[in-house]
Structure formats: C-alpha cells, structure tokens
Amino acid sequence: MTVSEGPAGNPLLSVRQLTKYFGSFAACSGIDLDIAPGEIHALLGENGAGKSTLVKMLFGILEPSEGAILWNGKPAVIRSPSEARSLGIGMVFQHFSLFEALTVAENIALSLDPKISLAKISDEAAMLSQAYGLPLDPKAHVADLSVGERQRIEIVRALLQNPKLIILDEPTSVLTPQEADRLFETLFKLKAEGRSVLYISHRLEEVRRICDSATVLRHGKVTGTCDPKQETPASLARMMVGADVSDVSRGTGSQLGDVQIEVASLSVPARTPFAVPLRGIDMQVRAGEVLAIAGVAGNGQGELFDVLSGEHTVADNDAIRIRGNAVGKAGINARRLLGAGFVPEERHGHAAVSEMSLSDNLLLARSQPDRRALLSGGALSVIRHGAVRSAARRICEEMDVRKSGDDPAAGSLSGGNLQKFIVGRELDRQPVVLVVNQPTWGVDAGAASRIRQALVDLARAGSAVVVISQDLDEILEIATNIAVISEGRLSRSFAAGDLSLEKIGLMMGGIHDSTHSEAAHAH
Amino acid sequence: MLEAILLTVITAATPLVIAALGELVTERSGVLNLGVEGMMIMGAVVAFVATQTTGSPYIGVVAGITAGAAFSLLFGFLTLTLVANQVATGLALTILGLGLSGQIGESYVGQPGIKLQPINIPILGDIPFLGPLLFRQDLIFYLSIALVIGIHWFLFRSRTGLKMRAIGDNHSSAHALGINVIRTRYLAVMFGGACSGLAGAQLSLVYTPQWVENMAAGRGWIALALVVFASWRPLRVLAGGYLFGAVTIGQLHAQAFGIGIPSQFLSALPYVATIVVLIIISHNRRTTLINTPASLGKPFVPER
Amino acid sequence: MRIELQRRSQSSRLFSFVSPLLALVLTLFFGGIMFWMLGKQPLDALYSFFVEPLLEVWSLHELAVKAAPLILIGVGLSICYRSNNWNIGAEGQFTIGAITGSILPVLYPEWHSPMILPLMLVMGMVGGALYAGIPALLKTRFNTNEILTSLMLVYIAQLYLDWLVRGPWRDPQGYNFPQTKSFVPEAVLPEILESGRAHLAIAFALVAAVALWFMMRFMLKGFEVTVLGQSERAGRFAGFSARRMVWFSMMLSGALAGLAGISEVSGSIGHVQPTISPGYGFTAIIVAFLGRLNPLGIIASGFVLALTYLGGEAAQLSIGISDKVSRVFQGLLLFFVLSCDTLIHYRIRIVTQKLRGGAAHHA
C-alpha cells in the first residue's frame with residue numbers, strides 16, 4: 001500500500017486560526033498548523049494545552065467555533081469521524097476507543113464500510129498486522145489483551161482505511177521503552193510510504209528522535225514551530241511550559257531509619273475477571289526512603305495500592321506491616337490511625353467526590369484520624385463544619401491550590417490543583433508512611449514539580465514514601481529506590497543509581513531475571 | 001390434556017418473552033428502562049379500546065404497539081435528551097402508565113372483548129400434537145418466535161447490531177468512532193416500548209380478552225428479571241419465558257385441583273420464582289460482570 | 001432544531017428551589033388540559049381538585065392523615081436513594097409492618113394495657129425492617145438486584161395479607177367479611193386534636209423527617225450516605241462500607257414504612273383488611289423525588305401528594321371525574337420533577353440552526 005503524494009511542496013493538511021470555545025473558555029485559540037506529505041509532525045504541549053481539543057476537531061468529534069481546516073489546499077468541513085476517515089485521516093486514541101466485550105475483528109469492523117464481511121476484515125487485519133510487525137489475533141476478545149496489543153488494534157484499524165494522515169495521541173505513554181521502539185519502526189515504515197503522521201506527545205526525547213517538525217501549544221495557543229532535531233530538550237521545554245521548570249532538589253543522603261512499611265510474600269487472587277492477581281509481593285521501605293514502583297499500566301498497580309491502603313484487606317494479617325503492626329486484615333482507617341496516608345490514582349470518584357466541596361473531600365480521608373478535631377457529639381459524630389473548612393483552607397494555602405470561591409466543588413478544580421489538594425490533604429497530617437499511586441498523572445508541570453518536591457521533602461523529614469508511577473522521568477527524579485511491577489509480580493528493589501533506563505524498561509517488559517548479561521543480550 | 005396445558009403455558013409465556021426481548025434490545029444499547037410494566041399496561045388498554053372501537057383485533061395489535069412505542073418515547077426524551085436518572089424515570093413511566101391506563105379503560109371494564117383468532121398454517125397445522133401447539137396459534141405467538149430469531153440475528157450477525165452492542169459496552173468510544181449514540185438509543189428504547197406494547201396487547205386480546213385494571217400484574221417486572229436471567233441473550237429469553245409460563249400455569253392448575261395449599265400462596269409462586277431465579281443467576285459475579293452491558297444505566301452527554 | 005446540554009461547573013442553587021415549583025406548575029397546566037379533554041372547565045376542575053380540600057377543617061385533617069405515611073415512607077426512601085440503594089418495595093414493607101404490628105390486637109383482643117400501643121409500633125417497625133432486610137441480604141450476599149427483589153416482595157406481602165384476613169385472622173363474628181376484629185381502644189393510635197381524625201402518625205412523620213434532616217446535614221452518618229451514593233470507591237477510600245450501607249438504608253426505610261403501615265391500620269382503619277393502602281409505598285417514591293431527596297423538602301412534597309389523593313376524591317364527588325385522575329397527576333408530577341431537575345446540573349441550549357457559534361438560546 002503506497003500513497004500518491006499531493007502536489008509537491010503543498011501541505012497535506014493546514015489549519016488556519018482554528019478556535020474552540022467551551023462556554024467562554026477558549027480551549028484552542030487561533031491555531032495555525034501545516035503538515036507536509038510524508039512527514040512525522042509533532043504536536044507538543046503539556047496536559048491541558050489544547051492538544052486533544054485540536055485533534056478532536058481534526059477528526060470531526062468536536063465542532064470548531066471559528067477558523068478553517070484545509071485538506072490538500074481545499075477547505076474541508078469535518079462533521080464526524082466517518083467524514084474524517086473518508087477524507088483519509090486515521091486516528092489512534094490515547095484512551096483507546098475499544099470495546100472490551102467485542103472481538104478484535106468486531107472492533108475493527110465498527111469503523112469500516114458495513115458491506116465488508118467480518119471474515120474479510122479478519123483476513124485483511126491479519127495481513128496488515130504481518131506487514132507492519134503488529135501481531136494480532138482477530139478472534140481474541142479485547143478484554144483479554146494487554147495494553148500494547150490494544151494499541152496495535154487501533155493502529156491496524158486506522159491503517160485498514162488506507163489513510164494519508166495518521167494521528168497518534170500520546171501513543172507511548174502506556175508502552176515499555178522496547179514496545180515504543182517497535183512502534184517507531186512502524187511509524188518510519190508509514191513515512192516511507194508517503195503517509196503523514198501527526199504525533200502528539202509531551203515527551204521531548206521521543207519527539208527529537210522521530211519527528212521532522214514540531215508545533216508547540218501552550219494554553220490553547222501556538223507558541224512555536226521548529227525542527228525538533230535542531231532543538232535541545234531544554235529549549236523545547238521552554239516553549240512548552242513558558243518559564244523554566246524548577247528542578248526537584250533531592251538534597252544529600254539523609255539517614256535511613258527503621259522499616260515503616262513491609263510486605264512479605266503477599267499473594268492476592270484477582271477479584272474481578274478484568275483484574276490482575278498479585279503474586280508473591282515482597283517489599284520494605286525505611287524511613288527516609290522513596291521507593292518508586294515502575295511499571296506499564298495494568299500490571300497490578302491498582303491492585304497493589306488497594307491492598308496497601310486497606311481498601312481491600314487480605315487473608316494473611318502478617319503479610320502487611322505498618323510500623324511493625326500486622327495490618328493485612330485492618331481497614332484503611334486503622335492503617336491511617338497508625339500514621340499512614342494514601343493517595344489513589346483516580347482523582348474523581350476515588351480520591352475525591354467531584355460533586356462535593358473541598359471541605360467535604362477533606363473529611364473523606366480525615367474523618368477518623370482527625371476525629372477529635374473534626375467531629376463532636378460523641379456517638380452522634382456531628383461534623384464540625386467550621387473546623388473542617390478551616391483545615392481545607394489551610395491545605396489550599398499550603399499547597400497553593402488555585403480555585404474559584406471559598407469552598408468550591410472538587411470537580412470545578414483543574415487536575416493539577418485538585419491533585420495538589422489531595423496530596424496536601426495527606427501531607428497536612430505528616431504521615432509516617434505515604435503510599436501514592438501515579439502522583440502527577442494528567443497534572444500540569446508546575447503542579448507536578450511542586451508535588452514531587454513535597455514527596456521528596458516528606459521522605460527527608462523521616463517518612464517512608466511509596467510512589468507507584470508509570471512516568472520514568474518522575475521516578476528517576478525522586479526515587480531513592482526503584483522496583484518494577486510486571487504481571488502482578490514485584491521485582492526486588494534497587495538503589496536508584498544502580499538502574500539504567502534500559503534495564504527498567506526490560507523489567508517492565510516482564511523480563512524478571514535481571515542479570516546483567518541478559519539485559520545486554522536483549523539489545 | 002397435556003396439549004391443553006401446554007397451550008396455556010405458551011399463552012402465558014408469550015407476553016413475557018416479547019416484553020423481555022424488547023427490554024433486552026434496550027439494555028443491549030446501554031439503557032435501563034424499568035417502565036416495562038407501564039408500557040405494557042398502556043399497550044393492553046389501548047389495544048383493547050382500539051379493538052372495541054373498530055371491531056378488529058388486528059388494528060388493536062397495531063394500536064398497542066404504537067402506544068407502547070409512543071410511551072417509551074417519553075422515557076427516551078427524559079433519559080436521553082434531558083439525562084434524567086434512568087431508574088427514577090422508569091418508575092415514573094410505570095406509575096403514569098398504571099394511572100393513565102386506569103383512566104382510559106374505565107368505561108371499558110367488564111365489556112366482553114374480541115379475541116385475536118388463531119391462524120392455521122396449512123399442512124404444518126395438521127401435524128399431530130405439535131401442529132395445534134405451534135402452527136394453529138395467533139399472530140402474536142408467531143411474532144414472538146420471529147422476534148427471538150430476528151433479534152438474535154440482528155445482534156450477532158448484522159453490523160447495526162454490532163454497533164448497538166458497541167454502544168452498550170462503551171458509549172464514549174462508540175461516540176468517538178462516529179456512531180450516533182443518542183439516535184441508536186432512541187431507536188432501541190422505542191423498540192423496547194413497541195415490544196412491551198405488543199405484549200400488553202396479547203394480554204387484553206389473547207390471554208384474557210377483556211380490560212381489567214392493572215391486568216399486567218407485575219409481568220413487566222418479571223420480564224425485566226428475565227433479561228437478567230437470560231444474561232442478555234435472546235434464545236435464553238425464550239427458555240426463561242417458557243419456564244415462567246409453566247410456573248404460572250402450574251400454580252393455576254394446582255389452585256383448580258385444590259391441593260390444600262391456600263390459593264394466595266400459589267399465586268405468589270411466580271414472584272417467588274423470580275426472586276429465586278435472580279439469586280441463582282446473580283450469584284456468580286463473574287458471569288454477571290462479563291455479560292452485563294458495561295454502560296447500562298449510565299448517562300451519556302456528548303461533548304460538542 | 002435540537003436540544004443540547006452543557007454541564008454547569010457548579011450545580012445551580014436557584015434551580016434546586018425553582019425546579020420542583022416549575023414541575024408543579026407544569027403538572028397543573030397539563031392537568032388542566034387533561035380536564036379540558038375530559039370535557040370539564042379546566043380552572044373549575046383544578047379548583048375543586050387542589051383548592052377545595054384545603055378549605056375545610058375536616059379535610060385538612062384528612063390531608064394530615066394521608067400525608068403522614070407518605071412522609072414517613074418518603075424520608076426513608078430518600079436515604080436509600082441518596083446512598084444508591086433502590087428500594088421500591090416500600091408498599092410491601094408497609095404491608096408487613098401493618099401485619100406484624102397488628103399481631104397483638106388481633107391475636108390477644110382481650111388484652112387492655114397502655115403497653116400495647118408502643119409494642120405494636122415497635123413490632124411494626126421491626127417487621128418492616130426485616131422485610132426490607134430480605135432484598136438487603138440478597139443484594140449483599142448474592143449480588144441480586146434490589147429493585148426487582150423488593151418489588152416482587154410487594155406482591156408476595158399483599159397476597160400474604162389477603163390470605164391472613166380471609167383465613168386465620170378473619171373475625172368469626174364478622175359476617176364472613178374478610179377482615180379482623182376491630183382493635184381495642186388501647187390499640188388505636190390517638191388523635192392529636194379534638195377537631196378531627198388526624199392522629200399521631202403525622203407527628204411521627206415530622207419527627208422522623210427532622211431527625212433524618214439533622215443526620216444528613218450534620219452527622220458523619222449522613223456524610224457517609226452521600227459519599228457512598230456518589231461513589232462507592234471514594235466511600236471505600238473513606239473507610240465506609242457499601243455493604244453495611246445497604247443494610248442501614250434498607251432497614252431504616254423498611255422500619256419507617258412499617259411504622260407507617262401499623263399507624264395506618266391502628267390510627268385510620270382500626271382493623272386489618274385486604275386493602276390497607278391506596279399505593280402509599282409507590283406514591284412515596286414521587287414524594288421523595290419531588291422533595292429533592294431532602295427530608296425537609298419531603299415534608300412539603302408529602303402534603304402536595306396527599307392533596308392529589310384528596311383532590312381525586314373531591315373531584316369525583318363534585319365534578320364526577322374518576323379518582324384515577326389522582327394517579328395520572330402523580331405520574332405527571334414525577335415526570336416533570338425529573339425533567340426539571342436537569343436544569344440544576346445542566347444549561348439547556350436549544351439550537352435552532354446549524355450555525356457555528358451564535359444562534360443559540362441559553363436557558
């Protein structure tokens with residue numbers, strides 16, 4: 001499959017002054033963008049910079065408020081994804097638009113001409129996946145597939161329509177470094193066939209490595225276009241973030257104290273058909289340590305967090321100890337009373353209730369550990385709303401939470417500000433043990449660096465911190481020790497200095513035997 | 001004797017099967033409409049009134065279907081356009097249906113109705129035993145069988161059915177793919193309403209050809225339970241429907257024979273059976289989780 | 001033309017108050033149309049339906065008699081619905097409460113003691129709570145849908161009551177009427193004023209509503225109800241148990257429905273008979289929603305719905321409309337309440353033309 005090139009020198013896709021309002025808020029404003037045939041074009045920007053909104057307009061999911069889209073030099077109105085597809089635009093979503101209950105072939109069929117039979121689709125998908133090195137079983141149910149395999153479905157699905165432009169939204173955020181390399185090879189193949197790629201990312205190294213040109217967005221506006229190969233990561237970051245982002249200062253070796261949280265040969269069967277069982281987890285974290293648990297999404301991180309926090313208790317009481325106390329069967333509040341604090345991954349509907357005010361959300365985590373300060377009336381447990389509100393105010397000041405109004409609903413805050421509140425809610429208690437799942441997922445750079453600094457400071461003040469994260473840059477920035485979780489198994493922990501990025505990547509990919517020789521062979 | 005009993009079982013099972021099939025399609029698209037009882041009773045009363053007015057039970061059948069579909073449109077508008085709570089709106093539909101049907105049918109209480117007559121299929125109808133059971137039935141029975149097969153084909157063989165299952169599994173992804181979630185759901189809701197209306201028409205034109213207030217007597221709710229029992233598969237709805245039909249008829253015969261058990265206890269049997277069946281089916285969380293349409297009952301507001 | 005919704009960043013305080021009123025107005029409007037279609041003068045009919053019952057002392061008493069069970073059941077249901085437990089079988093819990101509460105006066109008709117009434121009330125509450133415990137048990141133990149089980153139990157309870165009053169509980173001197181002996185005076189819930197029939201049940205209802213309002217507004221328990229209703233996962237994070245909440249909310253609402261049941265039998269009827277409720281358990285669902293699941297709001301909505309019952313009876317007498325109209329009014333009201341609630345969380349735009357930007361009306 002090759003694609004005829006458009007008129008030489010003319011861009012395949014141009015965007016002129018594209019603007020999208022949500023209410024009075026401009027998610028994108030006056031965007032200009034040109035993508036040449038056969039180039040890999042990066043769209044760089046932080047979370048919330050307007051990348052997703054722009055792409056959704058290009059793919060016909062959102063309707064632009066103002067501006068024009070030109071396809072091969074001619075104005076195009078893209079009213080729906082199927083119109084986008086018929087123009088020749090394919091899309092690979094960040095949060096996959098796949099259907100777990102359906103098979104691979106059925107998933108692909110959904111975006112194709114209904115006249116093509118399922119059998120024919122299966123054949124073509126098998127052929128394409130062969131050609132581009134994307135192995136897939138068309139009859140498998142999506143629910144049973146790994147994240148990497150799911151992404152392949154999306155890519156094959158887009159390729160089956162023989163697109164001239166493929167849009168990939170943060171494709172490597174869920175991949176191991178090795179899987180990402182394989183993806184890049186596929187992208188180079190596409191480029192060699194004369195197809196264009198719009199590659200959305202906030203990972204600077206990646207963009208410098210594979211992209212021919214880049215457009216940078218910030219706060220919904222274009223802040224620069226460049227050839228990323230001519231730039232340094234620092235100069236790209238400046239365009240992306242504006243001011244230079246402050247580095248997290250790790251300070252120098254603080255004294256390690258006693259073991260504060262300890263897990264010994266903990267195995268937990270999967271609770272639901274879609275969950276990952278935990279197998280023989282061992283870990284120890286001392287006061288002053290930041291243990292980072294790296295891993296690709298969906299390898300048991302959520303399950304591990306649930307049993308560490310006590311949201312789900314385990315059969316063996318001795319399998320988990322906090323400050324020496326066996327707590328395997330103890331609930332989350334009993335663990336909090338021992339001095340532990342917890343920050344789950346999902347902000348809305350887990351760490352916070354979006355519809356409730358910040359002060360109510362404070363109470364969510366603190367009603368028992370701070371019973372005496374926040375409740376009165378003995379058995380009636382009457383809430384002291386005044387005390388709760390002033391505690392919430394204190395946290396907002398401490399963590400620089402930007403909000404509208406005194407005590408707004410959690411859902412009205414931006415991701416970064418809400419996360420600062422949620423982390424601050426735990427730090428405010430000065431927990432002896434803090435377990436955090438994905439501390440800066442979907443958070444802007446300013447808030448992320450503030451949260452990371454707070455975690456490092458907490459450990460230096462003598463607490464044990466466990467950070468579960470998919471973000472390797474973050475891990476290298478803050479961890480004193482690193483372990484890797486893969487398919488529900490946790491590796492032993494390594495001192496942060498002893499691990500290369502490559503080796504972490506191999507372990508994330510499920511190569512559990514971590515001798516140096518094997519790591520060397522694999523490359 | 002056996003033939004006569006089986007005939008009554010079929011008559012008792014048919015409305016359950018039809019209403020459950022309609023609800024199955026609605027739920028496969030991700031919408032939970034608890035208003036089956038209300039749509040059914042509206043179908044029953046409108047079918048009866050139309051039949052009495054025109055003298056033709058066939059017009060009655062069409063009127064019943066139309067009434068059910070129109071009534072479900074009300075539910076669709078609230079839950080799909082206005083994103084109202086589906087559970088509460090379904091209840092509202094039932095409450096309004098019971099009230100409105102009582103009002104509409106008031107002057108028809110006690111009138112003798114016109115029964116929908118059986119259609120004898122030549123040759124097949126002469127097969128001993130099976131012929132009278134399966135091929136000398138009324139239109140609605142034939143429709144119920146056609147619906148089972150048709151819906152099975154639609155859901156698992158047609159592309160539109162695939163789209164509907166996709167919406168029920170994950171409406172946001174379906175929307176991102178360019179499938180019109182709201183329109184499909186409107187159609188699914190109306191199909192469910194039409195089926196409930198048809199089931200209601202069967203009650204007032206075949207099962208007991210007359211109008212009695214509240215004559216659906218919980219069948220709409222039993223149909224809802226049947227959908228769960230069938231784990232959202234049309235062929236299993238047929239099996240479950242006939243099982244319930246057998247329980248209903250069994251207890252009626254037991255009452256007639258006077259076996260010494262108070263009639264009220266026997267009348268409670270279908271309801272008890274529903275609970276027991278729900279326990280057995282729900283007990284295995286794994287199968288429930290895999291089979292339940294993942295977006296069932298969740299509101300969907302497309303971003304624009 | 002199409003209707004688009006835009007989520008408000010904060011739910012509208014204004015519309016939380018306006019929406020139930022708007023729903024009432026719309027119901028009256030469409031009710032008027034319905035009367036007109038029935039060939040009645042709409043305004044006259046509405047007047048005799050909704051105003052006349054309020055003009056006489058005795059009918060104000062009737063209003064309190066009918067509002068009491070609606071409020072009692074409605075506040076209980078509001079706790080269930082807020083915690084995302086869909087008990088729709090209050091009618092059955094009402095029935096069982098009436099039965100268990102009546103055990104003493106029916107089986108020991110000779111027992112005259114001031115203790116009998118408190119015992120009856122407690123037994124009624126226990127009966128209702130235990131009956132609501134069945135769907136709670138099935139939900140927590142077998143993951144069974146409580147909507148369907150609680151509803152099936154309504155039919156079973158009604159058949160059981162029917163059997164009781166036609167069988168073992170029938171008054172042998174009752175000329176074969178299917179009803180029990182009349183309760184002794186000590187077993188009858190006393191009236192609160194000289195002037196009419198209103199009895200203690202309305203006091204129970206007001207106390208229950210205020211107590212639950214206090215719980216929801218000020219107590220950690222109320223917070224727990226709200227959190228678990230919004231997000232079970234966040235509730236677990238807070239250390240709350242969704243499982244225990246199923247039991248708490250179901251048994252609380254069952255107990256209140258049971259109290260309503262025994263109060264109705266003891267205070268309004270005076271014996272047990274096959275039909276003891278004009279569908280209070282179902283109407284209370286409307287009461288709960290019209291009151292926006294707020295116990296104080298439910299006091300007001302309980303009286304509104306009680307008025308639809310009275311209005312139905314009044315309209316039947318004065319203008320010859322069937323009392324089935326009441327049910328239609330109740331159904332319409334719930335529909336409008338649910339539609340108007342959309343305004344609290346969403347801005348509604350009616351897009352008249354497919355223009356980019358502009359051409360949209362905000363509401």
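Start by selecting helix H17 of chain A, residues 501–508. Lys503(A), Ile504(A), Gly505(A), Leu506(A), Met507(A) and Met508(A) are buried there, where buried means 20 or more other C-beta atoms within 10 Å of a residue's own, with C-beta atoms placed from the backbone (12 or fewer is exposed, and in between is partly exposed). That is six of the eight residues in H17(A), so the helix is largely enclosed by the rest of the structure. The helix and strand labels are DSSP runs numbered from the N terminus: helices (H or I) have at least four residues, strands (E) at least two.

A quick word before moving on: this is a predicted model, in which local features need pLDDT of at least 70 and side-chain atom pairs count only at pLDDT 80 or more, while totals for chains, interfaces and linings use all residues. Residues are numbered from 1 along each chain as its sequence is written, and chains are lettered from A and ligands numbered from 1 in the order in which they are written.

Next, stay in chain A and pick strands E1 (13–22) and E2 (25–35), which pair in the antiparallel sense over seven bridges; strands pair if DSSP finds at least two bridges between them. Leu13(A) sits opposite Ile35(A) of E2(A), and Tyr21(A) is opposite Ala26(A). Zoom in on the hairpin's two residues between the strands: Gly23(A) has a positive phi near 65 degrees.

Widen the selection to the open sheet of four strands, E2-E1-E4-E5 of chain A, with antiparallel pairing. E2(A) and E5(A) (74–76) are the edges, each with a single partner strand, so one side of each has no neighbour in the sheet. From one strand to the next, the twist averages 30 degrees.

Now for another sheet. Chain A has an open one of six strands, E6-E7-E8-E3-E9-E10, with mixed pairing. E6 (89–92) and E10 (221–226) of chain A stand at its edges. Neighbouring strands are turned by 20 degrees against each other on average, direction ignored. Strand E9 (213–218) of chain A pairs with E10(A) in the antiparallel sense over five bridges; one bridge joins Ala214(A) to Cys226(A).

Add helix H1 (51–58) of chain A, which packs on this sheet and touches E3, E6, E7, E8 and E9 of chain A. Then add H6 (177–192) of chain A, which packs on the sheet too, touching E3, E7 and E8 of chain A.

Jump to chain B. The unreviewed UniProt entry places the feature "transmembrane region" at several spans, including 58–84 and 263–281. Residues 58–84 of chain B are 89% helix and 0% strand, with end C-alpha atoms 36 Å apart. For residues 263–281 of chain B, the span is 95% helix and 0% strand, and the ends lie 28 Å apart.

Which chain touches chain B? Chain C does, and each of the two gives 42 residues to the contact, where contact means C-beta atoms, placed from the backbone, within 7 Å. On the chain C side, H14(C) gives the most, with twelve residues.

Last stop: helices H3 (57–82) and H11 (242–269) of chain C, whose axes come within 7 Å and cross at roughly 170 degrees. Axes are lines fitted to C-alpha atoms, for helices over the stretch in contact, and angles run from 0 to 180 degrees between N-to-C directions. That makes H3(C) roughly antiparallel to H11(C), the term for angles over 145 degrees. Among the contact residues are Val65(C) of H3(C) and Ser249(C) of H11(C).

How values were computed. Angles under 35 degrees count as roughly parallel, over 145 as roughly antiparallel, 65 to 115 as roughly perpendicular and the rest as oblique. UniProt positions are given in the numbering used here, feature names are shortened, and annotations may be inferred rather than shown by experiment.
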